[in-house]
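Student: Hi! Could you walk me through the ligand and the empty spaces in this one?
Tutor: Happy to, let's have it up on the screen.

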Amino acid sequence: MKIAFFSTKIYDREFFDRYITTHEIIYFDAPLNEQTARLATGCKAICVFVNDKITAAVLKALKNIGVELIALRCAGFNNVDIVAAEADGITIVRVPEYSPYAVAEHAVALILTLNRKTHKAYNRVREGNFSLDRLTGFDLHIKTIGVIGTGKIGQLFCKIMLGFGCQVLAFDVVANRQLEAAGVEYLPLIDILGAADIISLHCPLTEQTQHIINAQTIAMMKEGVMLINTSRGALVNTAAAIDGLKSRRIGYLGLDVYEQEETLFFNDLSENIIDDDEIMRLLSFPNVLITSHQGFFTEEALAEIARVTLSNVDEFEAGNKLKNRVV
Ligand code: NAI
């Protein structure tokens with residue numbers, strides 16, 4: 001099958017070319033939108049990533065040129081207008097799980113870096129500055145960790161933090177009995193917010209979870225709390241997080257995702273004027289660490305994304321039942 005790839009980066013080509021079988025891939029750097037949709041003319045399938053917006057208008061444009069399948073090379077599908085896709089009869093498949101370890105481990109990397117300031121120490125020592133001033137961290141041992149969402153990624157994160165000797169509290173719409181047996185305590189969100197030294201978000205972005213971190217929930221947190229978001233940017237109200245940093249309620253902020261990331265992340269903008277004042281304000285704080293949606297970015301995850309995406313297309317082409325169907 002002929003597949004048009006949108007938002008392609010060098011690593012997408014590397015891994016998909018490694019696993020390609022009978023399909024023909026046409027790689028485009030451009031993101032998918034109403035204007036670029038026509039690049040897929042002649043292709044029955046397209047393949048997109050997290051920040052490609054599959055709106056009703058984009059779906060119409062794709063349908064008009066005969067696209068039947070959209071293969072998401074990611075797990076989240078909050079960027080897809082599901083109702084419109086159903087109405088247009090366009091099938092959507094995804095990669096529900098590629099490496100939950102990659103994201104859970106990245107959340108821990110953000111915690112350790114923010115806490116022990118290894119990013120600052122690295123730069124200091126390279127400049128011949130061997131001073132320890134202002135590099136003080138804290139022991140993770142016996143600290144309280146609040147985990148919001150204990151699905152595939154959240155549960156691995158809980159287990160890693162238990163390994164550090166932390167007390168792990170969790171909030172989810174469904175409790176995981178195995179985690180409870182391992183020592184994780186499920187509590188209402190409000191109790192976790194007030195008790196946790198570190199809060200890490202691992203729930204999907206839905207109507208219920210959008211801005212779950214806002215002025216009210218930040219006000220309930222401990223003074224100096226560390227907040228980590230490796231899930232989806234819009235879980236956190238950015239303006240409220242900035243206020244929380246200014247008031248010192250938030251003592252550390254680690255983000256791998258950002259509410260307005262579409263126009264920034266995955267691109268080298270080092271010679272550009274960045275118009276987004278909120279991200280520039282965030283970057284001005286010494287206790288904020290932002291990575292550019294790289295939680296998933298391991299060899300293992302990229303290989304699995306390519307393998308499963310291509311097998312999703314195989315299943316569709318063969319008319320088989322689609323294991324990873326969204327619509
Ligand atoms: P999952 O579906 O296995 O787990 C999500 C958990 O959140 C489930 O246990 C669910 O019951 C819970 N949940 C749903 N609604 C909730 C609510 N209102 N309050 C509390 N909990 C709720 O998903 P998985 O694989 O663990 O991924 C979690 C998120 O991580 C994804 O939705 C995605 O946004 C993000 N992600 C980020 C990546 C990155 O590179 N930074 C890569 C992959 C995923």
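Student: What classes of residue make up the shell around the ligand?
Tutor: The shell has 9 nonpolar, 9 polar and 4 charged residues. Here Ala, Val, Leu, Ile, Met, Phe, Trp, Tyr, Cys and Pro count as nonpolar, Asp, Glu, Lys and Arg as charged, and the others, Gly among them, as polar. Keep in mind that this is a predicted model, where local features need pLDDT of at least 70 and side-chain atom pairs count only at pLDDT 80 or more, while totals for chains, interfaces and linings use all residues. Residues are numbered from 1 along each chain as its sequence is written, and side-chain values use heavy atoms, with hydrogens and water left out.

Student: Which residues come nearest to the ligand?
Tutor: Lys152, Ile153, Asp172, Thr230 and Asp256, out of 22 around the ligand. A residue is near if one of its heavy atoms lies within 4 Å.

Student: And which backbone atom does the ligand nitrogen sit 2.9 Å from?
Tutor: A polar backbone atom of threonine 230. A ligand oxygen is also 2.9 Å from a polar backbone atom of lysine 152, and a backbone N or O atom of glycine 151 lies 3.3 Å from a ligand oxygen. A polar contact is a pair of N or O atoms within 3.5 Å; within protein, one must be able to donate a hydrogen and the other to accept it, and residues adjacent in sequence count only if both atoms are side-chain atoms.

Student: Which space does the ligand take up?
Tutor: The largest pocket. A molecule sits in a pocket if more than half of its atoms lie within 2 Å of its grid points. On a 1 Å grid over the protein atoms alone, a pocket is an open set with protein on both sides within 12 Å along at least five of seven lines, a cavity is a set of points where a 1.4 Å probe fits but cannot get out, and lining residues have an atom within 4 Å of a point.

Student: What's the volume of that largest pocket, roughly?
Tutor: About 970 Å³, counted as the space filled by probe spheres set on the points, which are joined across faces, edges and corners. Of its 40 lining residues, Ile153, His202, Cys203, Pro204 and Ser231 are closest to the centre. The lining divides into 20 nonpolar, 14 polar and 6 charged residues.

Student: Switching topic, how many cavities of 30 Å³ or more are there?
Tutor: There are 2. The largest has a volume of about 60 Å³, and its lining is 7 nonpolar, no polar and 2 charged residues. Among those residues are Tyr11, Phe49, Arg73 and Leu302.

Student: And how much space lies in the second largest cavity?
Tutor: About 50 Å³. That second largest cavity is lined by residues including Gly233, Val236, Glu259 and Leu282, and by class the lining has 7 nonpolar, 2 polar and 1 charged.
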